[in-house]
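User: Could you take a close look at one part of this model for me, the main helix and the charged side chains along it? I'd like one connected walk-through rather than a list.

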Amino acid sequence: MEAVSGAPRGLLPAGVPSVASALRYAESVLLAGGQRQARRNAWAAVCENRRHAAERELDAAAEGPLSAARRHA
């Protein structure tokens, strides 16, 4: 099978990128911002979970040991 340029597949000159590598590059450029946003969202969720856990600990301490024992019984 021949490539569009007329050269046999896999025998393109070293400086000419294949269509697949060009698509991979375009994908990485286009999705880079989305990956950064996903990391930011994940970190925000971690911080929010930690804040909720700290609030639960404060609420449990304010209720006292007897109410915590009743909850687990």
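Analyst: A quick definition before we start: the bend at a residue is the angle between two fitted axes, one through the seven residues ending there and one through the seven starting there. Keep in mind as well that this is a predicted model.

With that in hand, look at helix α1, which covers residues 19–63. The chain has two helices and zero strands. Going along α1, you'll meet a kink of about 40°, centred on L31. What about the span from end to end? The 45 residues of α1, at 1.5 Å a residue, should span 66 Å, and the end C-alpha atoms are 65 Å apart, so the two values agree. Just after the helix comes G64, and its phi is positive, near 95°.

Now for the charged side chains. Side chains of opposite charge can pair when their charged atoms come close. The cut-off used here is a Lys or Arg side-chain nitrogen within 4 Å of an Asp or Glu carboxyl oxygen, and by that rule the count comes to two salt bridges.

Start with R51 and E48: their closest N and O atoms are 2.6 Å apart, which makes the pair a salt bridge by the 4 Å rule. Both sit in α1, three residues apart, so about one helical turn separates them. The other salt bridge links R51 to E55, with 2.5 Å between the closest N and O atoms. These two are also in α1, four residues apart, again about one turn of the helix. Since the bridges share a partner, E48, R51 and E55 join into one network.

Are these side chains buried or out in the open? Somewhere in between: R51 is partly exposed at 39% relative accessibility, E48 is partly exposed at 35%, and E55 is partly exposed, also with 35%.

For the wider setting, buried residues make up 5% of the 73 residues in the chain. The chain exposes about 6,400 Å², and carbon and sulfur atoms supply 63% of that area.

Methods: Residues numbered from 1 in each chain as written. Predicted model: local features only at pLDDT ≥ 70, side-chain atom pairs only at ≥ 80, totals over all residues. Heavy atoms only, no water. Buried < 20%, exposed > 50% of the residue type's maximum accessible area, 1.4 Å probe, protein only. Expected span 1.5 Å × (residues − 1). Areas by Shrake-Rupley, 256 points an atom, 1.4 Å probe, with all protein chains shown as cover.
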